[in-house]
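Let's take a walk through this protein together. Have the sequence and the 3D view ready, and follow along one piece at a time.

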Amino acid sequence: MSTDTTESTDTAGTAGAAEAAGTPGTAGAAGHHGPHGYSSHKADHLKRLRRIEGQARGLQRMVEEDVYCIDILTQVSATTKALQSFALSLLEEHIKHCVADAVNEGGEAMDAKVAEAMAAISRLLRS
């Protein structure tokens, strides 16, 4: 997992994460650029993502070093929980900022943002 914004050859696995993170150049409604709900906490989010990246690299190291499978699974669980926590934080900020702004606008903008948030929630529940 890398924190740079270059495109990955594993688009199926990274597109959703990039979209959730609001990475420029990604598909879907996340193509909007500018201040987002997470912008005021960007440094904190990047710090969390770097920590998660370290956990993923630790998993690679564990496999390379033939660590006991249950120990690797424990680390997978911790990494998954960290990603889920990050996603929930990002979703909360999206609702407080983007969805709230759209609700103030009303009409189609509101409907679109609520539908977008519900789709994101649905994806998170399936993961």
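**Two helices and what lies between them**

Let's start with S89, which you'll find in helix 3. Keep in mind that you're looking at a predicted model. Is S89 buried or exposed? Its relative accessibility is 18%, and the cut-off for buried is under 20%, so S89 counts as buried. Leaving aside residues up to four places away in sequence, S89 touches H45 and R48.

One of those partners, H45, takes us to helix 2, where it is among the buried residues. The others are L49, I52, E53, Q55, G58, L59 and M62. What do they pack against? The buried residues of helix 2 pack against helix 3.

Now check the length of helix 2. It has 23 residues, so at 1.5 Å a residue it should span 33 Å, and its end C-alpha atoms are indeed 33 Å apart. After helix 2 comes D66, with a positive phi near 55 degrees.

Next, look for the largest nonpolar core. It has five residues: Y38, L49, I52, F86 and L90. Helix 2 (42–64) and helix 3 (69–105) are the elements that give two or more residues to this core. In soluble globular proteins, nonpolar side chains tend to be buried together.

Nonpolar residues turn up on the surface here as well. Y68, I70, L73 and V76 form a nonpolar patch there, with about 390 Å² of accessible area together. Take I70, which is found in helix 3: its relative accessible area is 44%, so I70 is partly exposed.

Notes. Residues are numbered from 1 along each chain as its sequence is written. This is a predicted model: local features need pLDDT of at least 70, side-chain atom pairs count only at pLDDT 80 or more; totals for chains, interfaces and linings use all residues. Side-chain values use heavy atoms; hydrogens and water are left out. A nonpolar core is a set of buried Ala, Val, Leu, Ile, Met, Phe, Trp, Tyr and Cys residues joined through side-chain atoms within 4.5 Å. Buried means under 20% relative accessible area, exposed over 50%, partly exposed in between (1.4 Å probe, protein chains only). Helices (H or I, at least four residues) and strands (E, at least two) are DSSP runs, numbered from the N terminus. Contact means heavy atoms within 4.5 Å. Patches are made of residues with over 30% relative accessible area and no salt bridge: like charges are joined within 9 Å, nonpolar side chains (Val, Leu, Ile, Met, Phe, Trp, Tyr) within 5 Å. Accessible areas come from the Shrake-Rupley method with a 1.4 Å probe; for residues, only the protein chains shown count as cover. A salt bridge is a side-chain nitrogen of Lys or Arg within 4 Å of a carboxyl oxygen of Asp or Glu. The expected span of a helix is 1.5 Å times one less than its number of residues.
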